[in-house]
Every structure is written in C-alpha cells, then in structure tokens.
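User: I would like to go through the reasoning behind some of the labels attached to this model, setting each value against its cut-off. Here is the entry in question.

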Amino acid sequence: MLLGNKIRSLRDEQGILQRQVAAYLEIDTPMFSKIERGDRRAKRSQVIQMATYFNVDEKEMLTLWLADKVLDALEGEDELKLTAIETAKDELMDVNR
C-alpha cells in the first residue's frame, strides 16, 4: 500500500478530494478509493497520470507501484521472502553488468 499512502498524503497536502482525482483519471470515486486504500491496483498509465496531476516525480510513483506489486507477490511467504528478494537482486545485478 505504498502507492496508496503516497496518493493519500499528496491529496491531503494539496487539499484535493478523491472525486477530483477520480474525475481526472476518468474513473468513479469508489474505484479511486479502492486504489488509495490498496484494495485495487492502479494501472501503470493511471500512476503516470497521478504523477502529472500531483506534480511529483513519475519515477518515484512508478517505483512505489512496482514495490507494491513485489510485496503482494511475496505475501504469505514469510520464510522465503527475503531470500527471494536477494536472489532477484543478484539476478538484476548480473543482467546489468
């Protein structure tokens, strides 16, 4: 729910209502509320739109979105999740060499 927390924080800081962001994204308010609470995942294109709307760094928002996806994939894997992250990190480091 990293992205949802960020969205909520930005909305609160800027005094923007959920319905305003939902209208900008062309979705209904309940759908946006679910995205903000982490009950539903935003589309990549919506994350980019929100970065523009809130005038924040697109890469930061996409990073939070991806991190949420990783955390969701690891949910319930308490025993293996850190090892899996390290293995994936090692693989990414090898690919970038």
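User: Which residue follows H2, and what is the sign of its phi?

Analyst: In this predicted model, H2 is followed by Glu26, whose phi is positive, near 60°. Glu26 sits in the loop between H2 and H3, and its positive phi occurs in a residue other than glycine.

User: Is Glu26 called buried or exposed, and what makes it so?

Analyst: The label exposed requires a relative accessible area over 50%. Glu26 has a relative accessibility of 73%, and therefore counts as exposed.

User: Where is Asn55, and how do you know whether to call it buried or exposed?

Analyst: Asn55 has its place in the loop between H4 and H5, where it follows H4 with a positive phi near 60°. Asn55, too, is a residue other than glycine. Its relative accessibility is 71%, to be set against the cut-off of over 50%, and so Asn55 counts as exposed.

User: Which residues of H2 are buried, and what puts them on the same side of the helix?

Analyst: The buried residues of H2, which spans residues 18–25, are Val21, Ala22 and Leu25, where buried stands for a relative accessible area under 20%. They cover an arc of only 100° around the axis, and therefore lie on the same side of H2. An α-helix has 3.6 residues a turn, so residues three or four places apart point the same way. On the other side of H2, Arg19 and Ala23 are exposed, while the buried residues pack against H1, H3 and H4.

User: Why are H2 and H3 called roughly perpendicular to each other?

Analyst: Their axes cross at roughly 105° and come within 8 Å. The range for roughly perpendicular is 65 to 115 degrees, and the crossing of H2 and H3 is therefore described in that way. The contact brings Gln18, Arg19, Val21, Ala22 and Leu25 of H2 to Thr29, Phe32, Ser33 and Glu36 of H3. By class, four nonpolar, three polar and two charged residues take part in the contact of H2 with H3.

User: What makes H1 and H3 roughly perpendicular to each other?

Analyst: The axes of H1 and H3 come within 6 Å and cross at roughly 115°. Set against the range of 65 to 115 degrees, this value leads to the conclusion that H1 and H3 are roughly perpendicular to each other. In H1 the contact is made by Gly4, Asn5, Ile7, Arg8 and Arg11, and in H3 by Phe32, Ile35 and Glu36. The classes represented there are three nonpolar, two polar and three charged residues.

User: Why are H4 and H5 called oblique to each other?

Analyst: The axes of H4 (residues 44–54) and H5 (residues 58–74) come within 9 Å and cross at roughly 140°. Since roughly antiparallel is kept for angles over 145 degrees and roughly perpendicular for 65 to 115, H4 and H5 are therefore oblique to each other. In handedness, H4 passes H5 in a right-handed crossing. Arg44, Val47, Ile48, Met50 and Ala51 of H4 meet Glu58, Met61, Leu62 and Trp65 of H5, a contact with seven nonpolar, no polar and two charged residues.

User: How do you know that the buried residues of H4 line one face of the helix?

Analyst: The residues concerned are Gln46, Val47, Met50, Ala51 and Phe54. Seen down the axis of H4, they fall within an arc of 145°, and so they line one face of the helix. These buried residues pack against H1, H2, H3 and H5.

User: What makes Asp68 buried, and with which residues is it in contact?

Analyst: Asp68, which lies in H5, has a relative accessible area of 8%; with the cut-off for buried at under 20%, Asp68 is therefore buried. Leaving aside its neighbours within four places in sequence, Asp68 is in contact with Met1, Leu2, Leu3, Gly4 and Arg41. Of these, Leu2 is 66 residues apart from Asp68 in sequence and 6.2 Å apart in space, C-alpha to C-alpha.

User: Is Thr63 buried or exposed, and how do you know?

Analyst: Thr63 is also found in H5. Its relative accessibility is 51%, and with exposed defined as over 50%, Thr63 therefore counts as exposed.

Conventions:
Residues numbered from 1 in each chain as written. Predicted model: local features only at pLDDT ≥ 70, side-chain atom pairs only at ≥ 80, totals over all residues. Heavy atoms only, no water. Axes fitted to C-alpha atoms, helices over the stretch in contact; angles between N-to-C directions. Helix = DSSP H or I, 4+ residues; strand = E, 2+ residues; numbered from the N terminus. Parallel < 35°, antiparallel > 145°, perpendicular 65-115°, else oblique. Left-handed = near helix turned anticlockwise from the far one by under 90°. Contact = heavy atoms within 4.5 Å. Nonpolar A, V, L, I, M, F, W, Y, C, P; charged D, E, K, R; others polar. Buried < 20%, exposed > 50% of the residue type's maximum accessible area, 1.4 Å probe, protein only. Arc of directions from axis to C-beta.
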